[in-house]
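Thanks for coming. I will go through a few local features of one model, and you can follow along on the screen.

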Amino acid sequence: ISPPIQQRRHASKQHFVADLSQCLFDFVIQLLPTPEEMAVKEDVRKLLERLIRTIEPDSRLLSFGSTANGFSLRNSDMDLCCLIDSQERLAATDLVTMLGDLLERETKFHVKPLPHARIPIVKLSLDPSPGLPLGIACDIGFENRLALENTRLLMCYAMVDPTRVRTMVLFLKVWSKRRKINSPYKGTLSSYGYVLLVIYFLVHVKNPPVLPNLQQMPPLRPITKEDTHLNGYNTWFFDDIELLRQRWHSENTETVAELLIDFFRYYSRDFSYNTGVASIRAGLLKKDFKGWQNDLSASRYNDARERNRLCIEDPFETDYNVSRCVTKDGLYTIRGEFMRASRVLAARPERAIIALAELCE
Ligand code: ATP
Ligand code: MG
């Protein structure tokens with residue numbers, strides 16, 4: 001290729017990438033929850049907390065998941081966790097049943113208590129109304145302290161580099177929902193799983209990294225096991241983000257569009273799905289090392305699901321594969337979507353907005 005043609009190609013690529021970054025910001029901004037929506041959700045949380053306290057006076061109701069980690073889209077569901085601070089407390093199954101009855105009597109929510117689920121929860125939903133055009137969906141769980149901690153970890157990662165991390169994560173959440181690959185119940189991946197894939201990519205794949213590894217940074221003062229362990233798992237991470245911002249600067253200057261293009265390329269062809277485990281805590285691990293070889297004993301599950309097709313280590317519960325619900329077909333579809341996205345972006349249409357629309361078709 002002659003130098004002038006090369007230069008022109010380079011210029012057109014730079015132009016596309018700059019245009020795409022701007023489109024990505026504009027796109028995700030209009031999908032953020034409005035202040036009114038956040039206020040309504042906070043009111044709902046307070047109301048539910050007041051009601052739960054009539055059963056368990058020493059309880060607190062806390063938000064986790066997207067409502068609390070900065071990765072919330074408009075109309076996303078609410079994940080709530082009830083913590084009970086007294087020693088003598090009701091068993092979760094009884095609490096779920098009693099709370100279900102109470103909410104049914106006292107509120108307009110549709111209530112579905114699931115006292116015998118693996119993690120007992122109460123599911124609530126509110127019909128659309130003029131003030132809340134899409135209603136509300138909400139799950140209340142109990143004593144899920146690890147979920148509160150992983151929410152805080154994701155929030156800290158979002159705060160280290162708010163523009164690039166939040167834009168990428170929010171875009172991938174919308175994209176995965178529109179492309180219908182965000183349904184753990186149907187064999188694809190949860191939002192939590194996609195967020196971990198993004199953080200893994202920014203900490204361990206990008207060189208220089210966009211994010212530091214918050215779980216491996218030296219602590220500011222000596223820490224003891226009692227300070228850091230929860231249910232036997234080490235939940236310590238560097239959470240003084242103000243200090244981190246003063247002391248740590250990423251050498252990586254790529255734009256959000258460049259990172260997204262590379263993200264899709266990496267997960268279409270470079271990640272070792274057959275043998276690798278993505279761990280934001282420890283980098284790329286081996287399935288063998290974790291004892292997470294593909295488990296083909298489908299008879300132990302009521303359908304042909306297999307557990308370890310895709311392996312993403314939970315940041316704290318390190319013996320838990322966050323993507324254990326992803327089936328063979330599910331993974332095939334997800335990888336197909338990563339490839340499709342790579343293709344759409346590599347074609348670099350005249351205007352980036354066209355690529356974005358096609359991506360989320
Ligand atoms: P959305 O806006 O789509 O609801 P979200 O950010 O709330 O996204 P979810 O996938 O609903 O993400 O997860 C919410 C929280 O539930 C996570 O922060 C995590 O604590 C917990 N969680 C969800 N899925 C898993 C999973 N597969 N394994 C372990 N914890 C999970
Ligand atoms: Mg959620």
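Where is the place of Phe-142? Phe-142 sits in strand β5, residues 136-142. Before going on, the conventions: this is a predicted model, in which local features need pLDDT of at least 70 and side-chain atom pairs count only at pLDDT 80 or more, while totals for chains, interfaces and linings use all residues. Residues are numbered from 1 along each chain as its sequence is written, chains are lettered from A and ligands numbered from 1 in the order in which they are written, and side-chain values use heavy atoms, with hydrogens and water left out. Helices (H or I, at least four residues) and strands (E, at least two) are DSSP runs, numbered from the N terminus.

Back to Phe-142. Its relative accessible area is 10%, so Phe-142 is buried. By buried I mean under 20% relative accessible area, by exposed over 50%, and by partly exposed anything in between, with a 1.4 Å probe and protein chains only. Not counting residues up to four places away in sequence, Phe-142 touches Cys-82, Leu-95, Val-96, Leu-99 and Pro-120; contact here means heavy atoms within 4.5 Å. Take Val-96: Phe-142 and Val-96 are 46 residues apart in sequence, with 8.8 Å from C-alpha to C-alpha.

Next, Asn-252. Asn-252 is in the loop between α9 (241-247) and α10 (256-270). It counts as buried because its relative accessibility is 4%. Leaving out residues up to four places away in sequence, Asn-252 touches Arg-164, Lys-206, Pro-208, Pro-209 and Val-210. With Pro-208 there is also a polar contact: the side chain of Asn-252 reaches the backbone oxygen of Pro-208 at 2.8 Å. A polar contact is a pair of N or O atoms within 3.5 Å; within protein, one must be able to donate a hydrogen and the other to accept it, and residues adjacent in sequence count only if both atoms are side-chain atoms. Asn-252 and Leu-202 are 50 residues apart in sequence and 9.8 Å apart in space, C-alpha to C-alpha.

Now Asp-314, which is in the loop between β10 (312-313) and α12 (328-346). Which side chain of opposite charge is nearest to Asp-314? That is Arg-281, 8.8 Å away; Asp-314 is buried yet has no salt bridge. For charge, Lys and Arg count as positive and Asp and Glu as negative; His and the chain ends are not counted. A salt bridge is a side-chain nitrogen of Lys or Arg within 4 Å of a carboxyl oxygen of Asp or Glu. The side chain of Asp-314 does have backbone partners: a polar atom of it lies 3.1 Å from the backbone nitrogen of Phe-316, and one lies 2.8 Å from the backbone nitrogen of Glu-317. Leaving aside neighbours within four places in sequence, Asp-314 is in contact with Asn-150, Tyr-192, Tyr-320 and Val-322.

Strand β10 leads us to a sheet. This open sheet has 3 strands in the order β9-β8-β10, with mixed pairing. The edge strands are β9 (283-286) and β10, each pairing on one side only. Two strands pair if DSSP finds at least two bridges between them. Strand β8, residues 276-279, pairs with β9 in the antiparallel sense over 4 bridges. Gly-276 stands opposite Lys-286 in β9.

On to salt bridges. How many does the structure hold? There are 20 salt bridges. Among them, Arg-145 meets Glu-143 at 3.0 Å, N to O. Arg-145 is partly exposed at 26%, and Glu-143 is partly exposed at 24%. Arg-340 and Glu-361 meet at 3.9 Å, N to O. Arg-340 lies in helix α12 and Glu-361 in the segment after α13 (352-359), so this pair ties together parts that are 21 residues apart in sequence. Arg-340 is buried at 13%, whereas Glu-361 is exposed at 62%. There is also a network of salt bridges linking Glu-42, Arg-45, Glu-49 and Arg-53.

Last, the metal. Asp-77 (OD) and Asp-79 (OD) coordinate the magnesium ion, ligand 2, at 2.4 to 2.7 Å. Donors are N, O and S atoms within 2.8 Å of the metal (3.2 Å for Na, K and Ca); water is not among the atoms, so sites may look incomplete. Asp-77 is partly exposed at 36%, and Asp-79 is buried at 17%.
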